Amino acid sequence: MITVEVIHVAPVKSLGLLRPTSVQVGATGIDQDRRFYLIDARGVLVTQRQAGLLVRLRAEYQEASESLRLTFPDGSVIEGCVDTGEPVVTQIWGRQVNGRQVTGDWNKMLSKFCGRPVTLVQSRLPGECFDEFPISILSGASVETLGRQVGVGAALDHRRFRPNFLISGCDPHQEDAWSGQQVAFGNEAVLRVVAPDPRCAITTLDPDTGQPDLDIPSAIRSYRPSPQAAFFGVYAVVERPGTVSVGDAVTGPEG
């Protein structure tokens, strides 16, 4: 039986991953995922592509109380209710995303950590700050197969790929066969797989330190050649919202 092995979210885009045991999948994606993001002094999106050390920050967000907590590697913490000010419009993967700058000491501490001015922004609505599509799915079997490729090593950390749902109990790359199909996660949520996931330079970064250490895209291409991109895992959109929990059954089109 295919099941949900791990759930990952990051309340602030590109910061360290959380592992909740349950999430609410809304019409536009996981409600708790990527509710905030960072921009630089020019208003350009900042992710691990520009600042790998962001992965060392941990963000926790309580939507009901609108409370955000950021934990830095040295143990320092800033937390409190989120207040917003000036509206901003940010380009995220070719889309115009509306948000508001977060006010207070957040930006001072984040800028000091990043070594350059950055601003924390709250998106107008949940589920707007994805890359190409709102939900990513990857099987542990695919990660294990990649780990056996030359130059990668057997104990490859799945966090490099930042999957929202890491699934177990299926064959390597079985998720690819679900393209265009509906897949049920648990008893409520239904997702539709829409595209393979093209992997970028973020996968080359150690998921604990943010330092580059492995050429993952080349390792993918070594056994999955493609003229377009190093595809690994799949993207999905929401067909029916619902709660998804670790251990839930995943029912693909083949049953």
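## Enclosed spaces

A search of the whole structure turns up two cavities of 30 Å³ or more. Keep in mind as you look around that this is a predicted model. The largest cavity holds about 390 Å³ of space, and 24 residues line it. If you would like to find its centre, look for Arg34, Asp131, Phe161, Arg162 and Arg199, the lining residues that lie nearest to that point. Strand S15, which runs over residues 189-199, gives the largest share of this lining, with three residues. Sorted by class, the lining has nine charged, nine nonpolar and six polar residues.

The second largest cavity encloses about 60 Å³. Its lining is made up of Thr28, Gly29, Ile30, Asp33, Arg34, Gly127, Glu128, Cys129, Phe130 and Pro134. Four of the lining residues are nonpolar, three are polar and three are charged. Arg34 is worth a second look: it is named here in the lining of the second largest cavity, and it also appears among the residues nearest the centre of the largest one.

## The largest pocket

Turning to open spaces, the largest pocket has a volume of about 180 Å³. It is lined by 14 residues, and those closest to its centre are Gly16, Leu17, Val55, Arg159 and Pro207. The lining of this pocket divides into six charged, six nonpolar and two polar residues.

## Asp157 and its partner

One of those pocket residues, Arg159, leads us to Asp157: their side chains make a polar contact at 2.7 Å. Asp157 sits in the loop between helix H2 (140-147) and strand S13. Is Asp157 buried, partly exposed or exposed? Its relative accessibility is 24%, so Asp157 counts as partly exposed. Leu214 is 57 residues away from Asp157 along the chain, and the C-alpha atoms of the two are separated by 11 Å.

## Two nonpolar cores

The largest nonpolar core contains 24 residues, and the members that touch the most others are Val25, Ile137, Phe165, Phe185, Leu191 and Val244. At least two residues of this core come from each of the strands S1 (3-7), S2 (22-26), S12 (135-139), S13 (165-168), S14 (182-185), S15 and S16 (230-240). A second core, separate from this one, has 22 residues, including Tyr61, Phe72, Val102 and Phe113.

Phe185 makes a good viewpoint on the largest core, as one of the members with the most core neighbours. Apart from neighbours within four places in sequence, Phe185 is in contact with Val4, Ile137, Phe165, Ile167, Leu191, Thr243, Val244, Ala249 and Val250.

## Helix H2 and the loop after it

Helix H2 is mostly covered, with seven of its eight residues buried. These are Gly140, Ala141, Ser142, Val143, Thr145, Leu146 and Gly147. What do the buried residues of H2 pack against? They pack against strands S12, S13 and S16, and against helix H3 (216-223).

Gln149 lies in the loop between H2 and S13, the loop that also holds Asp157. The side chain of Gln149 reaches back to the helix, with the backbone oxygen of Thr145 at 3.0 Å. Setting aside neighbours within four places in sequence, Gln149 is also in contact with Ala219, Ser222 and Tyr223.

Methods:
Residues are numbered from 1 along each chain as its sequence is written. This is a predicted model: local features need pLDDT of at least 70, side-chain atom pairs count only at pLDDT 80 or more; totals for chains, interfaces and linings use all residues. Side-chain values use heavy atoms; hydrogens and water are left out. On a 1 Å grid over the protein atoms alone, a cavity is a set of points where a 1.4 Å probe fits but cannot get out, and a pocket is an open set with protein on both sides within 12 Å along at least five of seven lines; lining residues have an atom within 4 Å of a point. Grid points are joined across faces, edges and corners, and a volume is the space filled by probe spheres set on the points. Helices (H or I, at least four residues) and strands (E, at least two) are DSSP runs, numbered from the N terminus. Ala, Val, Leu, Ile, Met, Phe, Trp, Tyr, Cys and Pro count as nonpolar, Asp, Glu, Lys and Arg as charged, and the others, Gly among them, as polar. A nonpolar core is a set of buried Ala, Val, Leu, Ile, Met, Phe, Trp, Tyr and Cys residues joined through side-chain atoms within 4.5 Å. Buried means under 20% relative accessible area, exposed over 50%, partly exposed in between (1.4 Å probe, protein chains only). Contact means heavy atoms within 4.5 Å. A polar contact is a pair of N or O atoms within 3.5 Å; within protein, one must be able to donate a hydrogen and the other to accept it, and residues adjacent in sequence count only if both atoms are side-chain atoms.
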